[in-house]
Number of protein chains: 2
Amino acid sequence: MTDTTTRKKQQARAPVASPWADAPARAEQREAKRDAVLSTAAQLFNERGFHATSLDDIAARLHVSKPTLYYYVKNKDEILLQCVRRGLTMTLEGIEASRQAGGKAIDQLQACMRVYARIVTMDFGMCLIRVGDEQVPADSRKELRRLKSSIDQEFRRLVAEGVKEGSVAECDPKMTAFVIAGALSWIGRWYQPGGEYSADEVAEKCIATLLAGVLRHPAPMLVP
Amino acid sequence: MTDTTTRKKQQARAPVASPWADAPARAEQREAKRDAVLSTAAQLFNERGFHATSLDDIAARLHVSKPTLYYYVKNKDEILLQCVRRGLTMTLEGIEASRQAGGKAIDQLQACMRVYARIVTMDFGMCLIRVGDEQVPADSRKELRRLKSSIDQEFRRLVAEGVKEGSVAECDPKMTAFVIAGALSWIGRWYQPGGEYSADEVAEKCIATLLAGVLRHPAPMLVP
């Protein structure tokens, strides 16, 4: 065989590039499409409310037909559940990262406050705040409440440790955790992207007020 | 005519006590019944959510038929609107009373915080927090947002005056008002009557934390 023939045979043996994606790529595409369905749904729930949003609205914003949606999600209830679950999971992962980073309790507490304040300005986090628990199907509500409760417990634990290390004022950690969660959750109710402040600026300002308090503290008296 | 005849004639002229209430009493009864319908509805909305509550549920809890309800209210949308409007009106009246009482801005601010924290633990106020704006019919939403905005403006005004009088720390009054409203509104989300603390205790603890801040402040250095 001549060199040319060998090259031709080798070329013939090389597989034709398939116009279909291979299995891992298909799974990835499917996941990306499912993510787009959930994000779009979360945005619409946040804008109009859960009950005022239809699957048709979600499909229209994605330029697909309603039957296409059913390839990625079962129904509107399942979409809401997935949105809220993602918001909670993102928060818990952020809190876990702050814990791994270690350091003083007050630093961990501030890191968790930053995570929480940031997530409630994002689609899934905002959904967590704007759509009430009672709108989620009863059998899933228990799981979501468990996840919410772990976030709450983490804030209480860090507040209690902060009191022990002397960085946090003597308090009832349960009530203090509620004050923190309330002020930060509220951001998810009023925040509008593209407004006066960026999401980070809002978070910093609210956290600073929570930490230092509303009152002006008397300047410490200086020894002359 | 004898005395007896005169007395008999006079007795005949005295009107028989009517078993029907007179007009003012009827109006009062009607108002009390309408109040009961609204309070019961607010309780059910807070327990189950607006969409999960039917007029039949409201009628059942009041031991009346659904047609009886229609004598007092038009439909479920109107009930929700009235509940939220009452919550807002109670808050604005309380704020107005604190303003009338006068005094330093910080005292007025604390009085308003107390009013707000107390109202969100009550049926109509809780409804205001738990049921999202987007569930109210579109044409009434504007009015409710205007009322909500006046509460917000009042908090911002008092914070700004507090900064001027030196009682409140230098801040962005808009953000500080949001932190206050958020932490106090959150009470309406988690508070359960009959729990560990009374509504007043919860209000006092949350307000104290908001005013003094989460951090432990260094004790002022004493001149020896």
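Here are a few notes on this predicted model, going from the pairing of the chains down to single residues.

1. Start with how the two chains relate. In general, two copies of a chain are linked by a rotation about an axis and a shift along it. Here, a turn of 179 degrees with a shift of 0.0 Å along the axis lays chain B on chain A, at an RMSD of 0.2 Å. That is the relation of a two-fold axis. If you want to find the axis from chain B, go to G213(B): its C-alpha is the nearest one in that chain, 1.7 Å away. The same surface serves both copies, and 100% of the contact residues of chain B recur in chain A.

2. Next, the core. The largest nonpolar core counts 108 residues, and C206(A) and C206(B) have the most contacts inside it. It's worth clicking on C206(B): leaving out residues up to four places away in sequence, C206(B) touches M175(A) and V179(A) from chain A, plus A117(B), A183(B), L184(B) and I187(B) from chain B.

3. Helix 6 of chain A deserves a look too. This helix covers residues 105-119, 15 residues in total, and spans 21 Å between its first and last C-alpha, close to the 21 Å expected at 1.5 Å a residue. Its buried residues include I106(A), L109(A), C112(A), M113(A), V115(A), Y116(A), A117(A) and I119(A), but also Q108(A) and Q110(A). As for partners, the buried residues pack against helix 5 (76-101), helix 7 (123-130), helix 8 (138-165), helix 9 (173-190) and helix 10 (199-212) of chain A.

4. Now a backbone detail to check by eye. Most residues other than glycine have a negative phi. H63(A), though, has a positive phi near 55 degrees, and H63(B) is likewise positive at about 55 degrees. H63(A) sits in the loop between helix 3 (55-61) and helix 4 of chain A, while H63(B) is in the loop between helix 3 (55-61) and helix 4 (66-69) of chain B. H63(A) counts as exposed because it has just 7 C-beta neighbours inside 10 Å, against a cut-off of 12 or fewer. H63(B) is exposed as well, with 7 other C-beta atoms within 10 Å.

5. Last, K66(A), which belongs to helix 4 (residues 66-69) of chain A. With 13 other C-beta atoms within 10 Å, K66(A) is partly exposed. Setting aside neighbours within four places in sequence, K66(A) makes contact with L55(A), D56(A) and A59(A). Of these, D56(A) is 10 residues from K66(A) in sequence and 5.9 Å from it in space, C-alpha to C-alpha.

Key
Residues are numbered from 1 along each chain as its sequence is written. Chains are lettered from A and ligands numbered from 1 in the order in which they are written. This is a predicted model: local features need pLDDT of at least 70, side-chain atom pairs count only at pLDDT 80 or more; totals for chains, interfaces and linings use all residues. Helices (H or I, at least four residues) and strands (E, at least two) are DSSP runs, numbered from the N terminus. A residue is buried if 20 or more other C-beta atoms lie within 10 Å of its own, exposed if 12 or fewer, and partly exposed in between; C-beta atoms are placed from the backbone. Two residues are in contact if their C-beta atoms, placed from the backbone, lie within 7 Å. The expected span of a helix is 1.5 Å times one less than its number of residues. A nonpolar core is a set of buried Ala, Val, Leu, Ile, Met, Phe, Trp, Tyr and Cys residues joined through C-beta atoms within 7 Å. Copies are superposed by least squares on the C-alpha atoms of residues with pLDDT of at least 70 in both.
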